[in-house]
Amino acid sequence: MKKTVSALLALLLLLALASCGEEKPSAAAPETTAPAQTAAKSEALAFSTTDLAGEAVDETVMSEASVVMINFWEPWCSPCVSEMPELEKLYQAYREDGFLILGVFSTKDADSDSQAVIDKLGITYPILHASEELQKYMTNYVPTTVFFDGDGNLLSQEPIVGARDYGSWETLLREYLNGEQ
């Protein structure tokens with residue numbers, strides 16, 4: 001009887017653990033490129049959303065840039081937050097070269113948490129609320145990053161999942177700025 005109960009409990013535990021995989025993604029997403037879960041490559045990005053101040057923002061914000069990095073992050077995601085100073089440094093180094101970063105988050109009612117992170121880290125690149133159009137480029141993990149040109153054409157072949165350091169992002173950005181991708 002004891003063996004049967006033990007086996008049953010072990011089976012229930014195994015089933016419970018197996019069912020956890022699809023719920024909420026781990027903040028520490030794998031540092032790999034995920035399978036494409038993006039909109040059609042031939043379709044230019046068009047979106048309408050708001051920033052943290054409630055101001056309307058659309059794809060025209062990208063028009064003066066040659067390369068736009070959209071970084072999906074969440075204020076509860078420690079790899080996302082840890083990466084933000086690296087992204088800010090990259091933004092400051094390359095914005096005069098036509099580089100723009102748009103930070104996008106989707107957690108509802110997280111404006112104050114997001115603003116606290118931005119204030120603490122001194123982030124100056126635009127932070128936007130996720131919209132239906134932008135969510136097409138998200139994966140089940142954060143951070144996730146995709147690149148576009150200023151006309152909204154997708155540059156990245158696949159979404160990039162996971163945080164990177166400054167050097168990794170700089171290498172990739174230089175390739176995009178030089179038209180090597």
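**Note on strand 3 and its surroundings**

1. Strand 3 is covered on both faces: V67, M69 and N71 on one side, and V68, I70 and F72 on the other, are all buried, where buried means under 20% relative accessible area, exposed over 50% and partly exposed in between (1.4 Å probe, protein chains only). The strand spans residues 67–72, and six of its six residues are buried. In a regular strand the side chains alternate between the two faces of the sheet. Helices (H or I, at least four residues) and strands (E, at least two) are DSSP runs, numbered from the N terminus.

2. The model is predicted: local features need pLDDT of at least 70, side-chain atom pairs count only at pLDDT 80 or more, and totals for chains, interfaces and linings use all residues. Residues are numbered from 1 along each chain as its sequence is written, and side-chain values use heavy atoms, with hydrogens and water left out. The protein chain has an average pLDDT of 82, and 76% of the residues score at least 70; pLDDT is the predictor's confidence in each residue, from 0 to 100. Over residues 4–41 pLDDT stays under 50, and the model has 53 contacts beyond four places in sequence for them; contact means heavy atoms within 4.5 Å.

3. Strand 3 pairs with strand 4 (residues 99–105) in the parallel sense over six bridges, and M69 has I101 as its bridge partner in strand 4. Strand 6 (residues 144–148) runs antiparallel to strand 3 and is joined to it by five bridges; here F72 has T144 as its bridge partner. Two strands pair if DSSP finds at least two bridges between them.

4. Together with helix 2 (residues 78–94), strands 3 and 4 make a right-handed β-α-β unit. Right-handed means that, with the strands pointing away from the viewer, the path from the first strand over the helix to the second runs clockwise.

5. N71, in strand 3, has a relative accessible area of 0%. Its side chain makes a polar contact with the side chain of E83 at 3.4 Å (a pair of N or O atoms within 3.5 Å; within protein, one must be able to donate a hydrogen and the other to accept it, and residues adjacent in sequence count only if both atoms are side-chain atoms).

6. The largest nonpolar core (buried Ala, Val, Leu, Ile, Met, Phe, Trp, Tyr and Cys residues joined through side-chain atoms within 4.5 Å) has 46 residues, and I70, F99, F147 and F148 have the most contacts inside it. Helix 2 supplies the largest share of this core, seven residues.
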